[in-house]
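Open the model in your viewer and keep the selection tool at hand. This tour goes stop by stop.

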Amino acid sequence: MAVLCAVATGMAQAQSVSTYGTPGLLEVPTAEMFEDGMLVFTAAGLRNTGRGTMTFQMLPWVHGSFRYAVIDRFNSTDRTLYDRSFDLHFRLREESRHSPAIVMGLRDFGGTGIYAAEYVVATKTFHDRVKVTGGIGWGRMAGRGAFSNPLGIFGDRFDTRPVSDAGGISTTGQLDFGNWFRGDAALFGGVSWQYDDRLTFLAEYSPDLYTQEAVADSLRVRSPINVGVQYRFKNGTQLTTSYLYGTTLGLTLSYFIDPRKAVTPGGQGAAPPPLTPEPRTAAATARAPGDIRDRMQAALAQEGLRLVYLSDSGDTVQVGVENTRYGQAAQALGRTARVLANEEPPQTEQFDIALMSNGVPLSAVRINRDDLYELEHDPDNAWRSFARAGISDTIPLLQGGILSDAYPHFSYRFGPYLNFSFFDPDDPLRYEMGAALGLDYTLSPGLTLSTGLRQPVLSTLDDSTRVSDSPLPHVRSDWAIYARDSNLRVEHMTAEYMWRPGANLYARTTLGYLETMFGGLSAELLWYPTNSRLALGVEANYVAQRDYDVLFGFQDYNVATGHVSAYYDLPGDYHAQVDVGRYLAGDYGATFALDRAFTNGFKVGAFFTLTDVSFDDFGEGSFDKGIRLEVPISWLTGRPSRNRIAQTIRPVLRDGGARLNVRNRLYGVTREARAQDLSRGWGRFWR
């Protein structure tokens, strides 16, 4: 039934995952896709080879993969290869009742080229449970049974596949466009039979000869036939055992994460305060304005909201609140509106609620009191209430009305932290864990003194003995020295001032130890209208490199750096960002980023940076690129929280394209209060 539904919607859903971590049989790909937005982690092992892959279904018709492989005895009995690679998989045609799905794929198009291959593959479903796959491959997939490239009819250049030189893509990871779909080609194919909802049998013909692995007997190929059986657990996890190439056993485990579905769906937070019937509200609010304010302040504090601004104007009350609990600003607005309805006298008909950060107004939302009562139990109350709400710039800029007891305000954070370092050839996974303390003291609206301290307890970061060979200033590549020479660290110690120069404008100035490796002065200006998809910003910094002990000293290196940035909120869940300017090593260039931010705050994104540093001077990796993940704590626990776990996965960390890490960049601070983000999360207004 599941297969029929997929075909009816024109979407061939992946039934199995290959050892490469992409939709496939055992080793060969299929013309299938994962569910839109799915994040798939795969670990595969076969003789002398281990592969770990993260695949993200970015769009319904395209997914991307990042893979890390460890190959023992590669081309030599005493060599272990640590390999990084990227894949892309595009659907050209959807499956229909009478024709197959067709996909074009690029394997290892942005890595070292060890697994480099291109393919076009078709998959068709028969009788609900049988899927037949056939395709043509180039590169590594053009081994056994290879024949002249059929694309040769378009020109002689397709007849031969250039061999990458030792200093080119094989070591630096450049995009080798000139090799794609060139050279000999070969056919591949296979079939899968879904015996029941849990068990699937697979068989395939793979032309891969594992030529480089066979040199030192890392893996030998005696037969092109691979067979396997897959078991799907109740949570969707797949375990596949296989017999590959007539010589080796394989084991593949895939774990699926749907960012839209929290680990604890439904949430475990406290219910919102019920709306008090209007007659009871009228009787309860017949008291002095000071009493109303105190009760309102206490009720908001119970909901995790800090009242910092209050002003009455005829039939309208204007409040400013800081959200300390909820990942969705809409949920903070809904809770605030309920408290106001329960505490304000009947003559107050409208609530203007300003979302604020450290006393700085971000945007304002007008809620009609009558709408709360009318729509509370309406089955369509989410979109109806959003349609009636008015979102604008602040009220305007909250002149006066700041509560006398709102500032100064002190807050702190204390807890464990965990850092990872990936892909060091001496140890592919390094870690550091310890205790972190954060202190924030907001003296007046916008002016905050902040300090972050970290004390490592267990660490393998400081075991690294690698010495940077970068010809550029060592702005990032000396990370191992920072890890070895530091103990108790002052991660940051800053004085920060945020303010509103005018409507639609936001400004920030930060002075002090800005991040682990640099300190100095940073200034930023952002133009971001409340109802605009586009935001424009400019940032300028003058910084010096900090001592390796990450305390209070500086080294001799200093640099002026800064960027002009454009941010655009694309339709759907996507955000694009382009930053153009000067980086920490003095190089000039641009960073391009695309993130998919789900309504619940789960974010998956990718970025790359190209500067005037040559590929040779940049060194291994050729240019900065990576993948970033943000997982809200509330997604894991079901309890309201603004905390997130963030991790950036870079194939290699070098000095080119390195940007300053400044806390509280304005776009990140203001975006949750924009109309586009509020509309996505408005379903939580009533929760």
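Begin with the side chains of E32 and K131, which make a polar contact at 2.5 Å. (A polar contact is a pair of N or O atoms within 3.5 Å; within protein, one must be able to donate a hydrogen and the other to accept it, and residues adjacent in sequence count only if both atoms are side-chain atoms.) Add T30: its side chain makes a polar contact with the side chain of E32, at 2.8 Å.

This is a predicted model: local features need pLDDT of at least 70, side-chain atom pairs count only at pLDDT 80 or more, and totals for chains, interfaces and linings use all residues. Residues are numbered from 1 along each chain as its sequence is written, and side-chain values use heavy atoms, with hydrogens and water left out.

Where does E32 sit? Look in the loop between helix 1 (2-8) and strand 1 (39-46). (Helices, H or I of at least four residues, and strands, E of at least two, are DSSP runs numbered from the N terminus.) Is E32 buried or exposed? E32 counts as buried because its relative accessibility is 2%. (Buried means under 20% relative accessible area, exposed over 50%, partly exposed in between, with a 1.4 Å probe and protein chains only.)

Next, select strand 7 (residues 130-139) and strand 8 (residues 185-194). They run antiparallel and are joined by nine bridges. Pick W138: its bridge partner in strand 8 is A185. Now show strands 1 to 12. They form a closed barrel, in the order 1-2-3-4-5-6-7-8-9-10-11-12, with antiparallel pairing. (Two strands pair if DSSP finds at least two bridges between them.)

Now the rings. The structure holds 26 aromatic pairs. (Rings of Phe, Tyr and Trp, its six-membered ring, pair if their centres lie within 6.5 Å; planes under 30 degrees apart count as stacked, over 60 as edge-to-face and the rest as tilted.) Select Y231 and F233: the centres are 5.1 Å apart and the planes at 80°, so this pair is edge-to-face.

Jump to Y528 and Y667. This pair is stacked, with 5.4 Å centre to centre and 20° between the planes. The two are 139 residues apart, and Y667 belongs to helix 12 (residues 666-670). Both Y528 and Y667 are buried. Keep Y528 and add R674: its charged end sits over the ring, 5.0 Å from the centre. (The test is NZ of Lys or CZ of Arg within 6 Å of the ring centre and within 35 degrees of the ring normal.)

Last stop: F386, W682, F685 and W686, a cluster linked by ring pairs.
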